[in-house]
Amino acid sequence: MALPLNKDPMGQAIADYYKNGSAARLRVFSQSFDEDEIPVKTLFRSCDEMPAVEQEALRLASGLILDVGAGAGCHSLALQEMGKTVMAIDISPLAVETMRERGVKDSRVQDFFTLDGHFDTILMLMNGIGIVGTLSRMPAFFMQLDYLLTPGGQLLCDSSDICYIFEDEDGFIDLTGVDGYYGELNYWMQYKGIKGSPFPWLFIDPETLSEQAEAHGFKVEIVSRGDHYDYLARITRK
Ligand code: SAH
């Protein structure tokens, strides 16, 4: 389902930054941490400015590629420059309009969970697997993945093990009081006067991701690890 304009703070921030070369603060709220901010400029990062795990994902992407939650289109544009073929989807009409104007050839306002089509590589970057929201939605996620991936197809996604949020002063992880899986967060964003609705966003550690994949007929290979609990995973059918 497409995001309405008055509920799309990130899309508005992306559109403003593209039109004016600057944007106001894109604020992020969650019960699990203090108010944070996404620097809007980072959504416009070039290939050289991307973290190593993202550059690796772009290198490994092959065949017909799907960029899920493409935002301002940075990965799709980098893939096109590499001569690769990509379709970009996002639920934000403002983001899709911007990536189209920036030169993404095939961009659509489309929810991953209702997409029809077949792809050799599916990319979910900048913790893109977060759109799954909660572990309870993993069956629906893997069912859709199985539908969309060609035989031999791959999902490349990055995420972080956010256990460090729960570290006490002695360096021990203390999960008392955490309800359910500790990577299940609730977020909401605000940009100028535009407040988004709260949405669940999943961070998943590599072991839990492997267990989930195995339970749904897939397997996980950890391709590389970043320098702050982040990693790139390649998921294929068993
Ligand atoms: N991949 C981009 C943007 C990440 S922000 C980058 O790395 O810069 C996550 C994006 O996912 C947002 O633009 C949001 O609108 C989009 N999104 C969230 N849920 C989605 C869904 N179910 N299907 C497609 N896109 C989704």
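1. What covers the buried residues of α3? Before getting to that, keep in mind that you are looking at a predicted model. The cover includes α2 (52-60), β3 (64-68), β4 (85-90), α4 (93-102) and β6. Helix α3 itself spans residues 74-81, and 7 of its 8 residues are buried, so the rest of the structure largely encloses it. If you want to click through them, the buried ones are Cys74, His75, Ser76, Leu77, Ala78, Leu79 and Gln80. Just past the end of α3, have a look at Gly83, which takes a positive phi of about 85°.

2. Next, the ligand. It is surrounded by 16 residues, and the closest are Arg45, Gly69, Asp90, Asp111 and Phe112. Three side chains are worth checking by eye. An N or O atom in the Arg45 side chain is 2.7 Å from a ligand oxygen, and one in the Asp90 side chain is 2.6 Å from an oxygen atom of the ligand. For Asp111, the partner is a nitrogen atom of the ligand, 3.0 Å from an N or O atom of the side chain.

3. Asp120 deserves a stop of its own. This residue sits in strand β6 (residues 119-124). Is Asp120 buried, exposed or partly exposed? Its relative accessible area is 29%, and because that falls between the 20% and 50% cut-offs, Asp120 counts as partly exposed. A polar atom of its side chain lies 2.7 Å from the backbone nitrogen of Leu64, and a polar contact of 2.9 Å links the Asp120 side chain to that of Thr150. Skipping neighbours within four places in sequence, the contacts of Asp120 are Ser62, Gly63, Leu64, Leu149, Thr150, Gly153 and Gln154. Val96, by comparison, is 24 residues from Asp120 in sequence and 22 Å away in space, C-alpha to C-alpha.

4. On to the greasy parts. In soluble globular proteins, nonpolar side chains tend to be buried together. Here the largest nonpolar core has 50 residues, and the members touching the most others are Leu66, Ile122, Phe141, Leu145 and Ile204. Helix α5 (residues 138-148) supplies the largest share of this core, 5 residues. Another core, of 14 residues, lies apart from it, with Ala57, Leu58, Ala61 and Leu156 among them. Back in the largest core, try Leu145: leaving out neighbours within four places in sequence, Leu145 is in contact with Ile122, Leu155, Phe218, Ile235 and Arg237.

5. Now the aromatic rings, where the count comes to 12 pairs. Take Phe166 and Tyr182: their ring centres are 5.9 Å apart and the planes meet at 70°, so this pair is edge-to-face. Both residues lie in the loop between β7 (149-160) and β8 (184-191), so the pair ties together parts 16 residues apart in sequence. Phe166 and Tyr182 are both buried.

6. Phe199 and Trp201 make another edge-to-face pair, at 5.9 Å centre to centre with 90° between the planes. Which partner is buried, and which is partly exposed? Phe199 is partly exposed, with a relative accessible area of 24%, whereas Trp201 counts as buried at 17%.

7. One last group to find: Phe112, Phe113, Phe141, Phe142 and Phe218 form a single aromatic cluster. Over the ring of Phe113 sits the charged end of Arg137, 4.4 Å from the ring centre. Two members of the cluster have come up already: Phe112 is among the residues closest to the ligand, and Phe141 belongs to the largest nonpolar core.

Technical notes:
Residues numbered from 1 in each chain as written. Predicted model: local features only at pLDDT ≥ 70, side-chain atom pairs only at ≥ 80, totals over all residues. Heavy atoms only, no water. Helix = DSSP H or I, 4+ residues; strand = E, 2+ residues; numbered from the N terminus. Buried < 20%, exposed > 50% of the residue type's maximum accessible area, 1.4 Å probe, protein only. Contact = heavy atoms within 4.5 Å. Polar contact = N/O pair within 3.5 Å; in protein donor to acceptor, adjacent residues only side chain to side chain. Core = buried A, V, L, I, M, F, W, Y, C linked by side-chain atoms within 4.5 Å. Phe/Tyr/Trp six-rings, centres within 6.5 Å; stacked < 30°, edge-to-face > 60°. Lys NZ or Arg CZ within 6 Å of the ring centre and 35° of its normal. Near = heavy atom within 4 Å.
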